[in-house]
Amino acid sequence: MTAMSTKIMYLVDHYAGPQAGTEGQLLKLIQYLDRSRFNPALTVLRTSECVERVPFGCPVRTLELAKLASPNAILKVVSFARSLRREGYRIVHCFLNDVSLIAPPILWMFGIRVVVSRRDMGFWYTKGNLAVLRLVSPFVDRYVANCWAVARVVQKKEWVPSRKISVIYNGLFPRETDSCKSSNEIRPFEVSDERTVVGIVANLKPIKRIDIVIQAVAIVHKHYPGICLLVVGKDGPSKWGSSMREELEQLSRRLEIHDRIIFTGAVDDPSPYINRFDIAVLSSESEGFSNAMLEYMQAGRPTVCTDVGGNPELVQDGKNGFLVSVGDVDALANRLLALLTDSGLAQRVGNAASSTVRSICSHTKMLEEQMLCYDKALSGHQ
């Protein structure tokens, strides 16, 4: 820190760990922020086991707010804002969603500038919280969207003028040893050399539509028996509350490819698995700007993904990857077969993917654009 650096507070709902996309980007942003320009700290509404174990490289505090819609929560945020003003903080950057519902007007009252991040296509919007977000938006100085698709959603749904939105793509940071090991270390897996691996990195949630990938692999298996599917991500509840993994395993048994699928469970670092992929897949029905896609493409893996959110901003269909419609099993199977049966095509697509993300998603570019956004918020009229 220098005498001229600006004190900035990052405010988040909770911190689940750096393996999560948003939390991982936040951690790197804090760690790599230019201390000659900005001096960061972090506040979480609710604590987690990981918060105390991650070396953020800055002060960390917890507000212990379990419920936002309460007088106690408002009083705590008022006290928090007062303390920030007293300590000389000039700007707060709100990550995740809950904090952006309550904090901006209170921070504004204490003369603190507010930046809000939006990193998804608004799957969490309800009529109630949209009404609140529209009331809150005049007290936000800048919004940061991680792709143009997200920016359009924020503009349309939250009634935010485009002049207040900065689009900053996620950054690809140098790889380091993970700073928050879970209780499950990366487990070894056995995939024989003669098998061709189609892989997906995604937590097991209905929105990720891993069922579509399984169905596509079942089709491809009839023509390409050496295929296997590697699913990297932790289990979660299905639409009916049961285990998503159990449902996917039942589907694979019905399709008679159960022995061709490997579920790794939760991992701290997906890169060793991605390096074993021959083809990478993302089948989500909703995405903002996927960190999994960035890692696939950084590793030079030919990728097939759904035509949603920020994916078309990364992928030029047929050049550096392939786009398919959500839920289109046949299209996904056809693209997989094309890549499996044409090694030259797979190599060209993978190389082009790597070049794309190196040019538009460098961490230095992301950091400079983020700090420029802070400068704009600080210099604007409140």
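This report describes the cavities, one pocket and the nonpolar cores of a predicted model.

**Enclosed cavities**

Three cavities of 30 Å³ or more are found in the structure. The largest cavity has a volume of about 90 Å³, and of the 14 residues that line this space, Arg119, Val144, Ile168, Met366 and Gln370 are the closest to its centre. Two or more residues of that lining come from each of α1 (21-32), β5 (113-118), β6 (142-145) and α13 (363-379). By class, the lining of the largest cavity comprises seven nonpolar, five polar and two charged residues.

The second largest cavity holds about 50 Å³ of space. Its lining is made of 13 residues, of which Ile212, Ser283, Thr306, Val324 and Leu332 lie nearest the centre. The elements that contribute two or more residues here are β11 (279-282) and β12 (303-306), and the largest share, three residues, is that of β12. Eight nonpolar, four polar and one charged residues make up the lining of the second largest cavity.

**The second largest pocket**

The second largest pocket has a volume of about 260 Å³, and among the 15 residues that line it, those closest to its centre are Asp211, Lys239, Trp240, Met244 and Glu247. Both α6 (210-223) and α7 (244-254) supply at least two residues of this lining, with α7 giving the most, namely six residues. The lining of the second largest pocket divides into six nonpolar, two polar and seven charged residues.

The volumes and lining classes are set side by side below.

| Space | Volume | Nonpolar lining residues | Polar lining residues | Charged lining residues |
|---|---|---|---|---|
| Largest cavity | about 90 Å³ | seven | five | two |
| Second largest cavity | about 50 Å³ | eight | four | one |
| Second largest pocket | about 260 Å³ | six | two | seven |

**Nonpolar cores**

In soluble globular proteins, nonpolar side chains tend to be buried together. In this model, the largest nonpolar core contains 106 residues, of which Leu229, Phe277, Tyr296, Leu314 and Leu336 touch the most other members. When neighbours within four places in sequence are left aside, Phe277 is in contact with Val197, Gly199, Ile200, Val201, Leu230, Val232, Tyr296 and Arg301. Tyr296, which is one of these contacts of Phe277, is also listed with Phe277 among the core residues that touch the most other members. Apart from the largest nonpolar core lies another core, of 31 residues, which includes Phe38, Cys373, Ala377 and Leu378.

Definitions and conventions: Residues numbered from 1 in each chain as written. Predicted model: local features only at pLDDT ≥ 70, side-chain atom pairs only at ≥ 80, totals over all residues. Heavy atoms only, no water. 1 Å grid on protein atoms, 1.4 Å probe; cavity = no way out; pocket = protein on both sides within 12 Å on 5 of 7 lines; lining within 4 Å. Points joined across faces, edges and corners; volume = space filled by probe spheres on them. Helix = DSSP H or I, 4+ residues; strand = E, 2+ residues; numbered from the N terminus. Nonpolar A, V, L, I, M, F, W, Y, C, P; charged D, E, K, R; others polar. Core = buried A, V, L, I, M, F, W, Y, C linked by side-chain atoms within 4.5 Å. Buried < 20%, exposed > 50% of the residue type's maximum accessible area, 1.4 Å probe, protein only. Contact = heavy atoms within 4.5 Å.
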